[in-house]
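Hi,

Here is the structure I promised to pass on. My notes on the cavities and one sheet follow below it.

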Amino acid sequence: MSKRVERVGRMVALTLLVAMIASPQAGSAKDAFQMSPQIARHLSGAVATRYYLSQPEQAPAAQRAAYEQAARLLQQARGAQIAAPAKSGPGGNDVFNLDDTGLPQNEESVSVCGSKPNTVISGTNDYRGLLDAEENFTGWDLSTNGGASVAAEGLLPHLDFGGSTFIPSGGDPVYAFDNESCAVYGANLNYDINTFFPNGIGVYRSTPATLKSCPGGSSPACWPTSIVVSRAPDATHFLDKPWFDVGTSGAAGKVVWVTWSDFLTPDPATPSVFTASIYAARCDAMLTACTAPVLISGTDQDVQFSDVTIGPDGRVYVTWAEVQGELTGDPQTFIIKERIADAGATAFGPTQVVATVTKPIGFDNTLYGHTFRVATVPKNTVKMVNGQPREFVVWEQCASRVLGLCQDSNVMLAYSDDDGASWTTKKLSVNGANYFPTIAADSGKRLAVAYFTGRYDPTFGLAQDVELVTVDPATGKVTKRQRLTSPSNNPNSDWIFSGGIFIGDYIEVAAHDGLAYVGYNANYQEMKFLGAGRAAGQQDNYLTVASLK
């Protein structure tokens, strides 16, 4: 394909997309999920961001001007001549995509194949989906040299919802390998971007060889096997924030466990009134069938951020956050909870409380000096300690909250040896604002925990770095602390998200054989926005590999 044809194709695709952003198809109350500011700040960032780009007047007051500017940028790009890309800046070799558009990537997921550790995959909300003819939005980047470079990349394709209804990938990426076969799995949201219904949770399966050889990177041939794990029954539901794990679970053998949130707005006339629940389902490794959804969160009325791990003991561990105060307009408390299913089983044991976080980063809070989305998001892993499974959970919490601002936030670690009946809690971070923690169990005798931190900007605390700590699973103590980024990043310098609208809701670390693979986003690389104007900082996904020893 010639460069000229490629540019014209991009121009046409962008023109179609901008037209959609400027005038989204109106869905009736019957066939469209009814959004409200209360739901939007609680839903996945990719969903809320695309909604606010289409209707910036609905954005929170503090972010409205930034969304209006972003929408104008996209409109002004209509019909623009896309020149050759220009890149500069201190991005270094860790940038982990082949982007030449200046469009952002965020919400990094990362996984490494245990039997072939040179094979690494990372996923993002990839805003190059704005140029995709099918409006797919979930990106993937594959490496076959241990994360040193990208061998192939693309977007998860649409998913067949039945009846000739094909729904594009919509963000919230999660990726994982089957460590034995190196089969690679991806999960995300799938939803109609005009009405947000139909919507559901989709899981895909492929192989590294297929991903390297498939045409274009976004063809259905790249991910030849896929399944709708759960579909919203009607437009009063929106299924959100999936997470999944692949592993062996007792007599069930190799399986895929998936969790997600289900938002319910029972009356479309009052979309600010909603409830949410956590569900889970188990699929076979070939994605031919999944169980019916299993309610995990019981009678909880307001929840988010489920995580699931198939432990080395074959049991299935699910954590989530119950949110108290949001539905009543009171200061928010997050109660982090967990349930465990026996190996091979689909029934879960009793709910246990990991921690009651009285000063979380709530959905009505921001970090001091920042306006981007951030909230307390618990993540878990399981590791054998002294021959017994030990469950670990990490999260962030404010040192103090004043007028809705979180002043300094700490990364906390809790672990339990008695199936969640009791927990030992420790602080992992040092000082400053610390957020987006992620945890992984190394194949050796280590845990990897990574997070964003502002502590390397002692004067203002606004610059952003990634910190990686090695944790002794036997004691919960930090044995090594590393700064992975230098110089510090400015999280507010992206073209589309200028003013600090959105940097994603999470990053991720994977670990194997003494190495940590940390996927995150930063604005180091400068690039022209769709080839126009001068080069400026923009969000890219990065992958840094560091020793845990």
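First, a term: strands are DSSP runs of E with at least two residues, numbered from the N terminus. This is a predicted model, where local features need pLDDT of at least 70 and side-chain atom pairs count only at pLDDT 80 or more, while totals for chains, interfaces and linings use all residues. Residues are numbered from 1 along each chain as its sequence is written, and side-chain values use heavy atoms, with hydrogens and water left out.

Cavities next. On a 1 Å grid over the protein atoms alone, a cavity is a set of points where a 1.4 Å probe fits but cannot get out, and lining residues have an atom within 4 Å of a point. Volumes are the space filled by probe spheres set on the points, which are joined across faces, edges and corners. That gives three cavities of 30 Å³ or more.

The largest has a volume of about 70 Å³. Strand β12 (237-248) gives the most to its lining, and the residues around this cavity include Trp243, Phe305 and Tyr506.

The second largest cavity holds about 50 Å³. Here β22 (residues 388-402) is the top contributor, with three residues; Arg315, Glu391 and Asp417 are among the lining residues.

Now the sheet: it is open, with four antiparallel strands in the order β25-β26-β27-β28. Its edges are β25 (434-441) and β28 (478-483). Strands pair if DSSP finds at least two bridges between them; β25 and β26 (residues 447-453) have six. Ala440 sits opposite Ala448 in β26.

Cheers

How values were computed: On a 1 Å grid over the protein atoms alone, a cavity is a set of points where a 1.4 Å probe fits but cannot get out, and a pocket is an open set with protein on both sides within 12 Å along at least five of seven lines; lining residues have an atom within 4 Å of a point.
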